[in-house]
Structures are given as C-alpha cells and as structure tokens.
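Could you walk me through this protein as if I were seeing a structure for the first time? I'd like to know how the pieces fit together.

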Amino acid sequence: MNTDWISINEYLPDEYEPVLISYVDEYDQRMRYIPTIGCLKNNVWHTHEGDIEDPSLLYDYFKCHHLVPTHWMILPKAPN
C-alpha cells in the first residue's frame, strides 16, 4: 500500500473513496493545516467538517474557508 502523499496535480482518488487530505490557505500557502479525512464527489472535496457559514457552500468546507487541497493519501484498511 502506498503511504506517500499524492499531489492532486498527479491524479485524484476515485469518487467516494475516503482519503486523508492535506491543504493550505488560499491567500497564504505557507499556512498548512492538519490533514482531514474526506472524499471527492462530482469533483468537489467533501469532509465532515462543520461550521459552514454560507448555505450555498454546504459541504464545500474548503471553498467556504478559503482552503486549497494540495495532496491526498490512501487510508489504511479498516479493521475486520
């Protein structure tokens, strides 16, 4: 299993596949945040993060908070 970060410019995970997402601030890309778990649905990254202020951006946590996903990583398999 690949445990390296994969650039979103290289390729993207399959839709609905939960992955670990690394992201930066849209305005200051030196600001990198704690990775979060999410997945791609219709080319939009979805997470279970809360506090969405704009209802039109519901489920697009990154856009709402001016965050830019840069890399993703495959998650380990869940226990049996």
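Here is a tour that goes from the overall layout to a few single residues.

Before we start, keep in mind that this is a predicted model. The protein has one helix and five strands. If you read along the sequence, those elements come in the pattern β-β-β-β-α-β. So the helix sits between strand 4 and strand 5 in that reading order.

Now for the sheet. The five strands make an open sheet with antiparallel pairing, and their order across it is 1-5-2-3-4. Which strands stand at the edges? Those are strand 1, residues 6-7, and strand 4, residues 44-47. Each has a single partner strand, so one side of each is left without a neighbour in the sheet.

Let's go through some of the pairings. Strand 1 pairs with strand 5, residues 67-74, in the antiparallel sense over two bridges. Look for Ile 6 here: Trp 72 of strand 5 stands opposite Ile 6. Next, strand 5 is joined to strand 2 by seven bridges, again antiparallel. One place to spot this pairing is Leu 20, whose bridge partner in strand 5 is Met 73. On we go to strand 2, residues 19-25, and strand 3, residues 36-41: three bridges join them, and they run antiparallel too. Here Val 19 has Gly 38 of strand 3 as its bridge partner.

With the sheet in mind, let's ask what is tucked away. Of the protein's 80 residues, 32% count as buried. In soluble globular proteins, nonpolar side chains tend to be buried together. Which residues make up the largest nonpolar core here? There are six of them: Ile 6, Val 19, Ile 21, Leu 40, Trp 45 and Trp 72. You have already met Ile 6 and Trp 72 as residues that stand opposite each other in the sheet.

Val 19 is a nice core member to pause on. If you skip its neighbours within four places in sequence, Val 19 is in contact with Pro 13, Thr 36, Ile 37, Gly 38, Trp 45, Trp 72, Met 73 and Leu 75. Try finding these on the model, and you will see names from the core list turn up, including Trp 45 and Trp 72. The whole protein has plenty of contacts that reach across the sequence in this way: among contacts with a separation of 6 or more, 55% are between residues 24 or more positions apart.

Trp 72 has another part to play. The structure holds one aromatic pair. Tyr 11 and Trp 72 form that pair, and their arrangement is edge-to-face, with 5.6 Å centre to centre and 85 degrees between the planes. Tyr 11 is in the loop between strand 1 and strand 2, while Trp 72 is in strand 5, so the pair ties together parts that are 61 residues apart in sequence. Are the two partners buried or exposed? Trp 72 counts as buried, at 2% relative accessibility, whereas Tyr 11 counts as partly exposed, at 43%.

What about charged side chains? The count comes to one salt bridge. The side chains of Asp 28 and Arg 30 meet in it, at 3.0 Å from N to O. Asp 28 is partly exposed, with 24% relative accessibility, and Arg 30 is exposed, with a relative accessible area of 75%.

Let's finish in the loops and on the surface. Ile 34 is placed in the loop between strand 2 and strand 3. Is Ile 34 buried or exposed? Ile 34 is exposed, because its relative accessible area is 72% and over 50% counts as exposed. Ile 34 and Ser 22 are 12 residues apart in sequence, and their C-alpha atoms are 7.1 Å apart in space.

Move along to the loop between strand 3 and strand 4, and you will find Asn 42 and Asn 43. Phi of Asn 42 is near 55 degrees, a positive value in a residue other than glycine. Phi of Asn 43 is also positive, near 60 degrees. Asn 42 is exposed, with a relative accessible area of 61%, and Asn 43 counts as exposed at 63% relative accessibility. As for the surface as a whole, the protein exposes about 5,800 Å², and carbon and sulfur atoms supply 53% of that area.

Conventions:
Residues numbered from 1 in each chain as written. Predicted model: local features only at pLDDT ≥ 70, side-chain atom pairs only at ≥ 80, totals over all residues. Heavy atoms only, no water. Salt bridge = Lys/Arg side-chain N within 4 Å of Asp/Glu carboxyl O. Buried < 20%, exposed > 50% of the residue type's maximum accessible area, 1.4 Å probe, protein only. Core = buried A, V, L, I, M, F, W, Y, C linked by side-chain atoms within 4.5 Å. Contact = heavy atoms within 4.5 Å. Pairing = 2+ DSSP bridges. Helix = DSSP H or I, 4+ residues; strand = E, 2+ residues; numbered from the N terminus. Areas by Shrake-Rupley, 256 points an atom, 1.4 Å probe, with all protein chains shown as cover. Phe/Tyr/Trp six-rings, centres within 6.5 Å; stacked < 30°, edge-to-face > 60°.
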